[in-house]
Amino acid sequence: MKLVVMSDSHGDKETVKAVSALPADAIFHCGDSELSFDDPVLHTMYRVRGNCDRDARFPTSIVVDVQVKKVLAVHGHEHDVRSSLMGLYYSAKELGADIVLFGHSHLYGAEMKDGILFLNPGSTMQPRGGKEATYAVVDWDETVRVTFKNMRHETVDSIKIK
């Protein structure tokens with residue numbers, strides 16, 4: 001299974017268009033697109049509302065099945081992800097999620113806790129911490145591989161989890 005995940009594009013349609021054109025079983029935008037819910041550039045992906053999104057038609061969270069994995073996507077501001085992932089962890093356990101996707105902090109990262117993958121793709125527009133703008137690609141077969149890529153589609157960082 002392959003997922004492409006982006007977040008915090010803050011109005012940058014060209015980047016959203018380029019990343020969403022990548023081959024994947026599912027594409028996710030974790031909020032703060034700052035686009036309208038019905039913007040055509042967003043139609044090919046699952047999307048949630050971030051704290052900077054004004055269009056109330058965006059859901060605050062979604063749970064979707066991609067192949068045999070259950071994916072929970074949120075922006076993260078309502079779960080206080082800048083302080084802790086515990087709120088997301090409890091939500092994931094309640095919903096039976098295998099993968100949790102979130103943004104908000106503009107910092108990329110991934111970790112596995114109790115068999116649940118937690119992934120923040122970073123920001124495609126306004127990265128923090130001196131990092132490059134990034135999105136993430138998740139390849140999940142016998143192992144889990146998360147690759148963080150810059151806007152030139154070059155690998156910035158990667159992690160392999162058994």
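Which residues have the most contacts inside the largest nonpolar core? In this predicted model, where local features need pLDDT of at least 70, side-chain atom pairs count only at pLDDT 80 or more and totals for chains, interfaces and linings use all residues, they are Leu3, Phe28 and Leu101, within a core of 24 residues. A nonpolar core is a set of buried Ala, Val, Leu, Ile, Met, Phe, Trp, Tyr and Cys residues joined through side-chain atoms within 4.5 Å; buried means under 20% relative accessible area, with a 1.4 Å probe and protein chains only. Residues are numbered from 1 along each chain as its sequence is written, and side-chain values use heavy atoms, leaving out hydrogens and water.

The following strands (DSSP E runs of at least two residues, numbered from the N terminus) are among the elements that give two or more residues to this core.

| Strand | Residues |
|---|---|
| β1 | 2-6 |
| β2 | 26-29 |
| β4 | 61-66 |
| β5 | 69-74 |
| β6 | 99-101 |

Leu3 touches, with heavy atoms within 4.5 Å, residues including Ala24, Phe28, Val71, Ile99 and Val138, not counting those up to four places away in sequence. Apart from the largest core lies another, of twelve residues, among them Val19, Leu35, Leu42 and Val137.

Overall, the protein has eleven strands and two helices (DSSP H or I runs of at least four residues). Of its 162 residues, 51% count as buried. The C-alpha trace spans about 35 × 35 × 30 Å along its principal axes. Residues 24 or more positions apart account for 42% of the contacts with a separation of 6 or more.

Definitions and conventions. Buried < 20%, exposed > 50% of the residue type's maximum accessible area, 1.4 Å probe, protein only.
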